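I am opening a notebook page for this chain. I want to record what I looked up, entry by entry.

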Amino acid sequence: MELPSSPSASVPASAGERWPPLESTPEVFNQFMWSLGVPEDDMEFHDVYGLDDDALDMVPQPVLAVVLCFPDPPQDASYPSEQLLFSGEKETQDQVYFIKQIKSLGNACGTIALLHAVGNASSEVNLVENSCLDLFFKSTASMDPNERAVFLEKDDAMARAHSLAANAGVTELSDIVEEHYICFVSVNGTLYELDGMKDGPIKHRSCSSISLLQDVVPVIKAIMCNIPNSINFNLMVLSRKEK
């Protein structure tokens, strides 16, 4: 199954707002991530061109996170394997870095997906000291998902970087945006779906950090099956650069 590239993302909003949509290309996400304080020689986003074994084998390893941009699903869409982590599961919630996408964040789902990807791969990256991401993660480490959202909404440096990244894409910004970003990570041997529009992380299945990309394929196929009349899917991975 082919994965067409380059949709923009999230909920309807004016292109002139504080959080315009990001184009889902590795070029945009890489420059955005590196500008925030991820060393260029540590991590890099790459396209995934299909879900068959040959396409997956082309993806640079090791994969630290998977980011999917897809059309907003119908209201009744559900995935049989999903288990939403409720606030009572505090120990697990503390292990998974998660940010809620509150209304005032507009089309920030691309930035939230990037924060979910990098935030759950913190052991794999040495952020530039006092960089935007370094200060953000240190400031929000002990916050709950809603507090992190409010902090992000008020973070002028992050908003400026987001806006610059949004304007760096080749797709013209639109007032009506119908795609959304989510992120998949492996934390302590479990695959989690991180969607800021949900109330918390979604626990899917056992997952090896070595086989994260392969383990997430069935979940992505289920999402695609729930939205059969669209081709606007794009898949990227965040991979660690070998040194």
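Before starting on burial, I note the cut-off: a residue is buried when its relative accessible area is under 20%, and exposed when that area is over 50%. The model is predicted.

**Overall**

I looked up the secondary structure of the protein chain and found 8 helices and 7 strands. Of its 243 residues, 54% are buried. I then took the contacts between residues at least 6 apart in sequence; 75% of these join residues at least 24 apart. The surface that the protein chain exposes comes to about 11,100 Å², and carbon and sulfur atoms supply 50% of it.

**Helix α6**

Which residues of helix α6 are buried? Going through residues 145–153, I listed P145, R148, A149 and L152. I next looked down the axis of α6: its buried residues fall within an arc of 105 degrees, so they line one face of the helix. The spacing fits a general rule, which I noted beside it. An α-helix has 3.6 residues a turn, so residues three or four places apart point the same way.

I then asked what covers the buried residues of α6. The cover includes α4 (109–119), α5 (132–140) and α7 (156–168).

I also checked the start of α6. There a side-chain oxygen of D144 comes to within 3.1 Å of the backbone nitrogen of N146.

**Annotated positions**

I turned to the UniProt record, an unreviewed entry, where the annotation "active site" covers C109 and H180. The two span 72 residues in sequence, yet their C-alpha atoms are no more than 6.5 Å apart, so they gather at one spot. Both C109 and H180 are in the lining of the largest cavity.

Where does each sit, and is it buried or exposed? C109 is found in helix α4. Its relative accessible area is 1%, so C109 is buried. H180 lies in strand β4, which runs over residues 179–187. H180 has 3% relative accessibility and therefore counts as buried too.

**Loop between α4 and α5**

The last residue I looked up was N130, which I placed in the loop between α4 and α5. With a relative accessible area of 52%, N130 is exposed, because the cut-off for that class is over 50%. I also took the distance from N130 to G37: these residues are 93 apart along the chain, and their C-alpha atoms are separated by 8.3 Å.

Note on methods
Residues numbered from 1 in each chain as written. Predicted model: local features only at pLDDT ≥ 70, side-chain atom pairs only at ≥ 80, totals over all residues. Heavy atoms only, no water. Buried < 20%, exposed > 50% of the residue type's maximum accessible area, 1.4 Å probe, protein only. Helix = DSSP H or I, 4+ residues; strand = E, 2+ residues; numbered from the N terminus. Arc of directions from axis to C-beta. Contact = heavy atoms within 4.5 Å. Polar contact = N/O pair within 3.5 Å; in protein donor to acceptor, adjacent residues only side chain to side chain. UniProt positions renumbered as here; feature names shortened; annotations may be inferred. 1 Å grid on protein atoms, 1.4 Å probe; cavity = no way out; pocket = protein on both sides within 12 Å on 5 of 7 lines; lining within 4 Å. Areas by Shrake-Rupley, 256 points an atom, 1.4 Å probe, with all protein chains shown as cover.
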